[in-house]
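User: Could you take me through one part of this model in detail? I would like to look closely at the open sheet and what surrounds it, and then at the empty spaces.

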Amino acid sequence: RVAATDAMTITFDLRRTSLGFDHQPLADLPILPRHLWQGLPAGQLAPSGLPVGSGPYRLVKAGAGTGYEFQANKAYFKGRPRVDHIQVPIIHDEQRTYAALQRRRLDMLPFSLPKQAADEVGKSFGINLRTGPDYSGTALLFNLRRRPFNSPAAREAVGHALDLERILRNAGPAVAADRGYIHPASPWAATTPLQRFDPQAAQSVLRRLRLPPIRVLAPGNDPVRLEAGRQVVLALRRAGATANLAKVSPSRLGRAVGANGSTPSFDAAIVSTPALASYDPDFLDQLFGSNSRTAPLNYAGYRNPEFDALAGRVAGAPDERARRTAVQAELRRLADDLPAIPLFFSQGTFAYRPAIYDGWTFIKGSGILDKRSFLPGDVSAQDQAPGGNEPKSPASSSSALDIASLLSLAVLAVAVIVGGVAGFVVLRRRSGERR
């Protein structure tokens, strides 16, 4: 039950204890204007016109293939943003994006740079780098609906073939995801390693199984995950399997894994794992739960009643100790069944031009593309996970239509699947001059 108890207070009464309620849905669900959403005609999924939210910026122009423009909400309740105007173009090639930054056509890159690109871009005059832990990860996703990965033995053999340290040496800087889907810095992380590299066991099982050729899909516009795909294929070949890398577009990758209702048509794919899982482990149910209504992101086709029961315990745990115990069991279950193999969590490295704007704030787990980078206040004190030791959702400061959300919609076929490439072109301060 939800009730407005006075003009400024809303009270939520829940059926059970929910330790993750402040992350999901409070910090992850935007506030929607009733006068626009109420009474939509049957079949219309959203109000006509540009999206309307409650954040520090208003979307004033949008083009599906060109980009987006935002104007500061001068009446924002946390203060007038320090940047008045933001333009976000869509650039589908990472090398063109780097070149545009170096030629001063872009002012900031909203995605984390791979090591080689960071080394190159960081040497350019007038470009600074900000680094810190990124809770978004990279994983190898299996299609459990068909051969060869409907076989648990095949998935386990691939897991034994992957040397995570070797992979991240080439795709890093990063932290190995040997403790599962939750970042090691999260208080919900597994306490012991769950991934075991055993090349002899991998070779023995793969020799016995005689798997057909394995096709690994990877996003062609994401250099970090493309390199991860190359390393996975090389590891499989070293273990005796026949494997090939397919470099595909984000939209094609999304369709292949079954996003937006398409029919899954992949063997294995390199995908991103959402940062939200490390803030609130209840999100794992959306990735691997059996209920299609509550698990819309279960692209692996994974089904396990034991996991579902553990996910229920995580959602309804009466205290943090009980919840942590259930999360540990949940991560072990996923490590045994391997619907996907977490590979690494990248060290976030973001490039920007300080002469244009130098107020970027690194939020632990999500990077510098955050509304707090534009709000008044002491940004240096914010370079940490909000809320102290326990990380909060990146949007926990308010429920809002913010730049990061719309940027994700602009460049990703599916938000959890593929990192896109885009960039800020112009930041205009209150004077109207380029800054």
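Analyst: Happy to; we start with the sheet, move to its neighbours, and finish with the cavity and the pocket.

A word on the basis comes before that. This is a predicted model, so local features are taken only at pLDDT of at least 70 and side-chain atom pairs only at pLDDT 80 or more, while totals for chains, interfaces and linings use all residues. Residues are numbered from 1 along each chain as its sequence is written, and side-chain values use heavy atoms, with hydrogens and water left out.

The protein chain holds 14 helices and 12 strands; these are DSSP runs numbered from the N terminus, with helices being H or I of at least four residues and strands E of at least two. Of its 435 residues, 53% count as buried, where buried means under 20% relative accessible area, exposed over 50%, and partly exposed in between, using a 1.4 Å probe and protein chains only. Among contacts between residues at least 6 apart in sequence, 68% join residues at least 24 apart; contact means heavy atoms within 4.5 Å.

Now the sheet. Six strands form an open sheet of mixed pairing, in the order β7-β11-β6-β10-β8-β9; two strands pair if DSSP finds at least two bridges between them. β7 (174–176) and β9 (243–248) are the edge strands, each pairing on one side only. On average, neighbouring strands are turned by 30 degrees against each other, direction ignored. For such angles, axes are lines fitted to C-alpha atoms, for helices over the stretch in contact, and angles run from 0 to 180 degrees between N-to-C directions. Within the sheet, β6 and β10 pair in the antiparallel sense over 6 bridges, and Leu141 stands opposite Ala269 in β10. Helix α6 (residues 164–171) packs on the sheet, where it touches β7 and β11, and its direction makes about 25 degrees with that of β11.

Next comes α5 (152–161). This helix is largely enclosed by the rest of the structure, because 7 of its 10 residues are buried. Those buried residues are Ala154, Arg155, Ala157, Val158, Gly159, His160 and Ala161. Their cover includes two strands of the sheet, β6 and β11, along with α7, α8 (223–238) and α13. The loop that runs between β6 (128–142) and α5 contains Pro148, and the peptide bond from Arg147 to Pro148 is cis, with omega near 0 degrees. Most residues other than glycine have a negative phi, and most peptide bonds are trans.

Phe197 sits in the loop between β7 and α7 (199–209). Leaving aside neighbours within four places in sequence, Phe197 is in contact with His160, Ala161, Leu162 and Asp163. The C-alpha atoms of Phe197 and Asp163 are separated by 5.5 Å, although these residues are 34 apart along the chain. At 41% relative accessibility, Phe197 counts as partly exposed.

Two residues other than glycine have a positive phi worth a look. Leu338, in the loop between α13 and β11, has phi near 50 degrees and counts as buried at 8% relative accessibility. Asn260, in the loop between α9 (250–257) and β10 (268–273), has phi near 55 degrees and counts as exposed at 72%.

Leu338 leads us to the empty spaces. On a 1 Å grid over the protein atoms alone, a cavity is a set of points where a 1.4 Å probe fits but cannot get out; a pocket is an open set with protein on both sides within 12 Å along at least five of seven lines; lining residues have an atom within 4 Å of a point. Grid points are joined across faces, edges and corners, and a volume is the space filled by probe spheres set on the points.

By this rule there are 2 cavities of 30 Å³ or more. The second largest has a volume of about 90 Å³, and of the 14 residues lining it, Gly180, Leu194, Ala335, Leu338 and Pro342 are the closest to its centre. Both α13 (320–337) and β11 (340–352) supply at least two lining residues.

The second largest pocket has a volume of about 750 Å³. Its lining has 26 residues, with Arg15, Arg16, Ser18, Asp282 and Ala315 nearest the centre. α12 gives the most to that lining, with 4 residues.
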